[in-house]
Amino acid sequence: MPDVRALMAGRKRVAIVPALNEEGSVGSVIDEIRAFDPGFAIVVVDDGSSDRTAQVARAHGASVVRLPFNLGIGGAVQTGYRYAFERGFELAVQIDGDGQHDPAELPRILEPVLDGRVDMAVGSRFAGERAYRPPLARRLGIRLFAGIVSLLVRQRVTDTTSGFRAVNRRGIALFAADYPHDYPEVEATVMVVKHRLRLCEVSVSMRERTAGRSSIGALSSVYYMVKVMLALFVGVFRRRALPSEEA
Amino acid sequence: MTPFWVSIAAAAASLVLLLVVFELIRSRRLRERYALLWLLTGIVLLVLSLWRGGLNTMAGWIGIETYPPSVLFAVGLLFILVVLLHYSTVISKLSDQNTVLAQRLALLEHELEETRPDGEYNPDASPS
């Protein structure tokens, strides 16, 4: 692997950390990002937490954008991309505030973006050898979406729910202009390809959540499946949100 | 028995509903989460319109002997009630959030007025 740090030098870069009630983990996530590379600006988007997430993040030196109420993960993440866009950042990484994404894995998702091969790189728990095996029901759901999304984007995608990714300025601009609501990662993958941005997956290992709980409960999974299927179906017929630069 | 043309007309109306909802989602005037109930309404009405045997059977269950298509009215009305109730909860949530937004904005403006030198920050003077 080439020296990612050397390639990053001189690029204005930001880490976007969405967090909802993650006071127990957001501090160490910030510290680990800084330990990996002190050149990253870190913006924590507090999606209406009722605990001390914002105070903890500030105490660890991050910029904190506090949403006045819970917007959902899509709205929170897009806030981060708007921040990145308006402040002229050229490179952004997105890392969950719950600690499941390991900042030590950042070089893996940064490398393909830095060497210009792709506009967005997504860390996948399933690509490559270091496979992760979730419970059966969840695995089937992930498989189903991965299959549909792979067909739609004509490229193999294995982890459509991963929020661990790196994007360049084109990706930042796209997400600042348009980002799906509710459960956004699946639709965002399709949207990126539709706008002729290049996408790749790299294998990463993820950790168990260090604190807090997943935003997707068992009860809402059926609603989630139906809604995402509908969004994917309609997405095929949609116009682009931004005029694409012809490659 | 349900008259043939009633089935055709009801099916056509359901199809139009489904197409309109689809177009609204596509053009981003309707979010998926608020469209699901409408789509369900359209699909149920379409199925009941075309599946004439089923409609008659259902009419029998609830004691409608003279005119089975009444079931379509009943089902349609039920769905409209559910959609309206759903919208009432959505509006309640929106107005709560609107209150929070107005309060936060007022506090922010107050803070800006306090921290800026005299007269430099005056939101009321803006042309809009």
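This is a short tour of two chains, one selection at a time, and the model you have open is a predicted one.

**Stop 1: the sheet in chain A**

Start by colouring the strands of chain A. You should find seven of them in an open sheet, running in the order 3-2-1-4-6-5-7, with mixed pairing. Now pick out residues 63-66 (strand 3) and 199-203 (strand 7) of chain A. These two stand at the edges with a single partner strand each, so one side of each has no neighbour in the sheet. Turn the view a little and look for the twist, which averages 20 degrees from one strand to the next.

**Stop 2: one pair of strands**

As a reminder, strands of a sheet pair through backbone hydrogen bonds, either parallel or antiparallel. Select residues 120-124 and 165-168 of chain A, which are strand 5 and strand 6. In what sense do strand 5 and strand 6 of chain A pair? They are antiparallel, with three bridges between them. For a single example, click on Val122(A): its bridge partner in strand 6 of chain A is Arg165(A).

**Stop 3: a helix on the sheet**

Next, show residues 73-86 of chain A. That's helix 4, and it packs on the sheet, touching strands 1, 2, 3, 4 and 6 of chain A. Compare its direction with that of strand 1 (13-19) of chain A, and you get an angle of about 160 degrees.

**Stop 4: over to chain B**

Hide chain A for a moment. What is the secondary structure of chain B? Four helices and zero strands. Its radius of gyration is 25 Å, well over the 14 Å that the globule rule gives for 128 residues, so chain B is more spread out than a compact globule. Along its principal axes, the C-alpha trace of chain B spans about 80 × 30 × 20 Å. Of the 128 residues in chain B, 28% count as buried.

**Stop 5: rings**

Bring chain A back and show the aromatic side chains. There are 10 aromatic pairs over all chains. Zoom in on Phe237(A) and Phe22(B): their ring centres are 5.3 Å apart and their planes sit at 80 degrees, and angles over 60 count as edge-to-face, so that's what this pair is. Phe237(A) lies in the segment after helix 9 (221-236) of chain A, while Phe22(B) is in helix 1 (residues 4-26) of chain B, so the pair joins two chains. Phe237(A) is partly exposed, with a relative accessible area of 41%; Phe22(B) is also partly exposed, at 21%.

For a last click, select Tyr81(A), Phe175(A) and Tyr179(A), which form one aromatic cluster.

Key:
Residues numbered from 1 in each chain as written. Chains lettered and ligands numbered in written order. Predicted model: local features only at pLDDT ≥ 70, side-chain atom pairs only at ≥ 80, totals over all residues. Heavy atoms only, no water. Pairing = 2+ DSSP bridges. Axes fitted to C-alpha atoms, helices over the stretch in contact; angles between N-to-C directions. Contact = heavy atoms within 4.5 Å. Rg over C-alpha atoms; globule rule 2.2 N^0.38 Å. Buried < 20%, exposed > 50% of the residue type's maximum accessible area, 1.4 Å probe, protein only. Phe/Tyr/Trp six-rings, centres within 6.5 Å; stacked < 30°, edge-to-face > 60°.
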